[in-house]
Amino acid sequence: MENPQQASSFSSLHAYLRALSQTPSRLARRACSVSTSYEEMSQARSRSGSDMARTLRWPDLVGFGLGGMVGAGVFVTTGHAARLYAGPAVVVSYAIAGLCALLSAFCYTEFAVDMPVAGGAFSYLRVTFGEFAAFLTGANLIMEYVTSNAAVARSLTGYMGATVGVSSTSWRFSVGWLPEGFNEIDLVAVGVVLIITLTICYSTRDSSVVNIVLTTLHLSFIAFVILIGFSKGDWKNFTEPADPKHPGGFSPYGVSGVFNGAAMVYLSYIGYDAVSTMAEEVKNPVKDIPIGVSGSVILVTVIYCLMAASMSMLMPYDLIDVDAPFTAAFSGGAGRRRWRWVSNVIGGGASFGILTSLMVAMLGQARYMCVIGRSRVVPAWFARVHPSTSTPVNASAFLGRLLTLYTIIDHFICCYFNSYLF
Ligand SMILES: NC(=[NH2+])NCCC[C@H](N)C(=O)O
């Protein structure tokens with residue numbers, strides 16, 4: 001463990017150069033040095049100046065879990081997994097992926113209850129495997145959050161366009177002097193990222209209220225899709241393909257198909273880890289965190305299984321449109337034209353989902369950065385918690401601006417992510 005009296009390496013240029021010249025010896029000394037839960041919760045935490053406010057209860061955490069996990073992913077991966085791998089047994093794929101997410105959520109829960117600090121996986125690794133493992137994980141997490149958030153923000157424009165029946169290209173404009181492939185400016189995405197940044201800097205409690213409202217709206221869209229699926233669908237689609245030459249039965253590609261499907265739909269569960277970064281802001285960690293983290297994964301598993309079942313009932317698996325499974329299930333096919341408006345409904349639901357998963361991920365990334373700042377791996381400036389808002393404003397605002405930049409220029413990477421993820 002580093003000496004707490006020692007000045008930060010970032011306090012002056014001189015200190016930085018001295019630290020740089022000591023890199024080999026510092027690395028050897030610190031790479032495997034572990035801190036303790038007590039140090040993380042006292043000494044390290046005091047480097048933030050003020051404390052984060054303990055304003056959240058378990059309903060807020062369940063809201064963050066649902067909001068963070070249920071985005072647009074389920075509207076896309078369900079089709080891929082059902083058509084290409086699992087067939088109607090995609091329901092089982094969702095259950096398996098949910099179980100895996102739950103086991104991981106139990107680990108997060110146990111750590112977060114034992115050590116309710118904002119650093120999530122970064123802090124847990126610091127007390128188990130030491131600073132180097134924590135640094136590698138923290139750096140990867142921040143990169144993963146910022147790049148995937150930029151892709152998620154840009155995908156919002158497409159879904160909002162679908163909601164009102166307008167092509168999203170009309171909401172983007174090209175800047176002539178920027179290189180081709182990097183010149184598509186997405187103003188909607190940039191505006192949304194800035195508004196969310198302001199909200200999370202202003203108050204965690206108010207962010208939770210916004211998240212609960214948007215998540216409730218999103219879930220009502222999802223409930224609607226499930227109900228329509230169950231009322232208009234046909235049970236025989238669970239076992240009979242449209243083309244008798246295709247493999248039939250509930251699980252046409254066997255056990256391996258079901259597990260491949262589970263690997264594909266796991267994306268839809270990403271987001272629960274961000275909830276554990278709120279541990280420092282909950283009123284009663286011992287009760288609120290287990291219900292919040294594990295409870296939200298259980299709820300999401302049930303919702304996803306019902307959605308997968310509803311889609312499997314709507315049409316035979318071999319007719320599913322891989323790119324827009326739910327929209328096509330409702331609006332495609334002869335005699336179903338009257339359901340075309342459902343694609344607007346799905347666009348609306350997905351838009352709310354994208355907003356909440358973006359907000360939860362942005363809350364999470366700021367808390368990771370704040371705690372990395374406390375460890376002095378990055379300047380302690382990132383660790384500052386504002387005395388009046390009780391939020392990590394420096395980390396939130398810095399990553400918000402970085403994300404804005406990515407969202408503006410990273411058309412190429414975002415397109416890649418979008419095609420890969422969504
Ligand atoms: N903001 C993010 N990085 N979100 C990634 C999470 C994706 C989310 N589970 C979904 O299915 O849409």
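User: What makes the pair formed by a polar side-chain atom of Asn-149 and a nitrogen atom of the ligand a polar contact?

Analyst: In this predicted model, the polar side-chain atom of Asn-149 lies 2.8 Å from the ligand nitrogen. A polar contact requires a pair of N or O atoms within 3.5 Å, so the pair qualifies.

User: Which backbone atoms lie at polar-contact distance from the ligand?

Analyst: A polar backbone atom of Gly-73 is 3.0 Å from an oxygen atom of the ligand. A backbone N or O atom of Ile-270 lies 2.9 Å from a ligand nitrogen. Each value is within the 3.5 Å cut-off, and therefore each pair counts as a polar contact.

User: How much of the ligand surface does the protein bury?

Analyst: The ligand taken alone exposes 350 Å², and 95% of that area is buried by the protein. The elements that contribute two or more residues to the surrounding shell are α9 (131–164) and α16 (342–374). Helix α9 gives the most, with 3 residues.

User: How many residues surround the ligand, and what is their character?

Analyst: The ligand is surrounded by 13 residues, and the closest are Met-69, Gly-73, Ser-148, Asn-149 and Ile-270. By class, the shell holds 7 nonpolar residues, 6 polar residues and no charged residues. Met-69 and Ile-270 are among the closest residues and, by residue type, count as nonpolar. Gly-73 is counted as polar.

User: Why is Ser-155 called buried?

Analyst: Ser-155 has a relative accessibility of 9%. Buried means under 20%, so Ser-155 meets the criterion. This residue is found in helix α9.

User: What makes the approach of the Ser-155 side chain to Val-152 a polar contact?

Analyst: A polar atom of the Ser-155 side chain lies 2.7 Å from the backbone oxygen of Val-152. The limit is 3.5 Å, so the distance satisfies the definition.

User: Why does the radius of gyration of the protein agree with that of a compact globule?

Analyst: For 422 residues, a compact globule would have a radius of gyration near 22 Å; the protein has 23 Å, which agrees. The C-alpha trace spans about 75 × 50 × 40 Å along its principal axes.

User: What do the burial and contact totals show for the protein?

Analyst: Of its 422 residues, 55% count as buried. Among contacts with a separation of 6 or more, 81% join residues 24 or more positions apart. The secondary structure comprises 18 helices and 2 strands.

Conventions:
Residues numbered from 1 in each chain as written. Predicted model: local features only at pLDDT ≥ 70, side-chain atom pairs only at ≥ 80, totals over all residues. Heavy atoms only, no water. Near = heavy atom within 4 Å. Polar contact = N/O pair within 3.5 Å; in protein donor to acceptor, adjacent residues only side chain to side chain. Areas by Shrake-Rupley, 256 points an atom, 1.4 Å probe, with all protein chains shown as cover. Helix = DSSP H or I, 4+ residues; strand = E, 2+ residues; numbered from the N terminus. Rg over C-alpha atoms; globule rule 2.2 N^0.38 Å. Buried < 20%, exposed > 50% of the residue type's maximum accessible area, 1.4 Å probe, protein only. Contact = heavy atoms within 4.5 Å.
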